[in-house]
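Hi,

Here is the structure I promised you. Have a look at it first, then read on for what turned up.

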Amino acid sequence: MNVLVLGAGMMGRAIGYDLSLFSSFDNISIGDKDPQTRSLAKEFLKGTQIKVIPVNADNSNEATKQFQKVDVVISALPYRFNYKLAKIAIQTKTHLVDLGGNNTIVENERSLFLKAKKNEVTIIPDSGLAPGLVSIITRDIVDHMDTIDTVKLRVGGLPHHPQPPLNYQIVFSPYGLINEYVEDAIILDSGKILEKKSMTEVESLQFPKPFGKMEAFLTSGGCSTLPYTYRTMIKYLDYKTIRYPGHCEKIKAFLELGLADEIKINLGGHAVAPRDVFASLLINNVPTNGEDVVLLKVLSQGTKNGKKRLRQYMMIDYYDTKHNITAMMRTTGYPVAITAQMIEDGTIQERGVFCPEEIIPPLPFFKELKKRDITLSISDRSV
């Protein structure tokens, strides 16, 4: 089987690197329209058998020709591409895995279920970290408990060595970060799917040293389809982003000033969107490189055999200094690569459009993470 990764940025490189080490694909290619990005990818993947090729995903005819050459496509492109790519995948009978990141786009992809099934194609959006890994963890909770009262998903990508004033590091698109902060969060509460303001309900979380006390607050996107999938099985589910203490309060001040607004304003005769200014300020003034860390904690309560149980998952993943791979690349890119490999090796055989919690078996997935030195510790005890 052959595989094509679309997008040669940080996530695309991490996916390609993982595929080169762990998959059995006959040919692995990474496509991007930008020559500089391709050049960086070639340097990063030097020593592997991966081909880095020019591909313009904006051009449907060009994308279609590339899809016809492979069995699986992985989209590491911005989410706006994914619905169009899903339609091309069905047309060319090519499996597709993507990073998702937008509920509306994922809903559009899911509307293609019958067409995908008819053409014997598997499409899996939202296959990164959150959503993605947290979705599979939630599936594992459902598999292990008889009834579930709460599932609390907590994830954050952070600098290992924080610097003021925000104690943050840009680990993915600043526009994606702003979206998480301004769009409403979705929660599941007693069978009802509710929207709440992001950057609210700040709580404290404890992690081992050197992190200690952290904060977490509601943000959009991390739950994805989980509230809908488990509407009748989980009483309460929410997702919060982890940051160093004080981050939420500082960012909220910028948002209240209107720096995330998309409506253009006149500045010296130029029409400027405040959000563009904010994104530029973040890129120019907040670190974009350096050693990062990804923190994850999932807390769940429910019953098993009539007894109250507390089931907890925790992960702390660090920058790979040997291979210059960030923790965010590892914990977002590697799960996507594992998902594609599960299609390749026949672990995933169902056809249609599925989100990770619907189709990915948790235990084999966790074993694959362990092969990559991503340690997910699980504890289960009576309460």
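Let's begin with a definition: the expected span of a helix is 1.5 Å times one less than its number of residues. You'll also need to know that helices (H or I, at least four residues) and strands (E, at least two) are DSSP runs, numbered from the N terminus.

Two notes before the findings. This is a predicted model, where local features need pLDDT of at least 70 and side-chain atom pairs count only at pLDDT 80 or more, while totals for chains, interfaces and linings use all residues. Residues are numbered from 1 along each chain as its sequence is written, and side-chain values use heavy atoms, with hydrogens and water left out.

**Two helices on their own**

Start with helix α12, residues 327-344. Its 18 residues should span 26 Å at 1.5 Å a residue, and the end C-alpha atoms are 25 Å apart, which agrees. How many residues of α12 are buried? The count is 18 of the 18, so α12 is largely enclosed by the rest of the structure. (Buried means under 20% relative accessible area, exposed means over 50%, and partly exposed is in between, with a 1.4 Å probe and protein chains only.) After α12 comes Gly 346, with a positive phi near 90 degrees.

Now try the same on helix α7, residues 133-144. With 12 residues, α7 should span 16 Å, and its end C-alpha atoms sit 17 Å apart, which agrees. Nine of the 12 residues in α7 are buried, so this helix too is largely enclosed by the rest of the structure. Among the buried ones are Leu 133, Val 134, Ile 136, Ile 137 and Asp 140.

**Two pairs of helices**

Next, look at how helices pack. For the angles, axes are lines fitted to C-alpha atoms, for helices over the stretch in contact, and angles run from 0 to 180 degrees between N-to-C directions.

Helix α8 (residues 174-182) packs on helix α11 (residues 274-285) at about 120 degrees, with the axes 9 Å apart. That makes α8 oblique to α11: angles under 35 degrees count as roughly parallel, over 145 as roughly antiparallel, 65 to 115 as roughly perpendicular, and the rest as oblique. The crossing of α8 and α11 is right-handed, meaning that the near helix is turned clockwise from the far one by less than a right angle (anticlockwise would be left-handed). Which residues of α8 meet α11? Pro 174, Tyr 175, Leu 177, Ile 178, Asn 179 and Val 182 do, and on the α11 side they find Arg 275, Asp 276, Phe 278, Ala 279, Leu 282 and Ile 283. Contact here means heavy atoms within 4.5 Å. By class, the residues of this contact are nine nonpolar, one polar and two charged. (Ala, Val, Leu, Ile, Met, Phe, Trp, Tyr, Cys and Pro count as nonpolar, Asp, Glu, Lys and Arg as charged, and the others, Gly among them, as polar.)

The second pair is helix α3 (residues 60-67) with helix α4 (residues 82-92): their axes come within 10 Å and cross at roughly 45 degrees. α3 and α4 are therefore oblique to each other, and α3 passes α4 in a right-handed crossing. α3 brings Ser 60, Ala 63, Thr 64 and Phe 67 to the contact, while α4 brings Lys 84, Leu 85, Ile 88, Ala 89, Gln 91 and Thr 92. That contact of α3 with α4 has five nonpolar, four polar and one charged residues. If you wonder about the spacing along a helix, an α-helix has 3.6 residues a turn, so residues three or four places apart point the same way.

**Some single residues**

Val 52 lies in strand β3 (residues 51-54), and it counts as buried at 13% relative accessibility. Not counting residues up to four places away in sequence, Val 52 touches Ile 30, Arg 38, Ala 41, Lys 42 and Leu 45.

Two peptide bonds are worth finding on screen. The one from Ala 130 to Pro 131 is cis, with omega near 10 degrees, and Pro 131 is in the loop between β6 and α7. The bond from Lys 209 to Pro 210 is also cis, with omega near 15 degrees.

Finally, visit the loop between β9 and β10, where you'll find Met 199. Met 199 has a positive phi near 65 degrees despite being a residue other than glycine, and it is buried, with a relative accessible area of 2%. Glu 201 is in that loop between β9 and β10 as well; its phi is positive too, near 55 degrees, but Glu 201 counts as partly exposed at 35% relative accessibility.

Cheers
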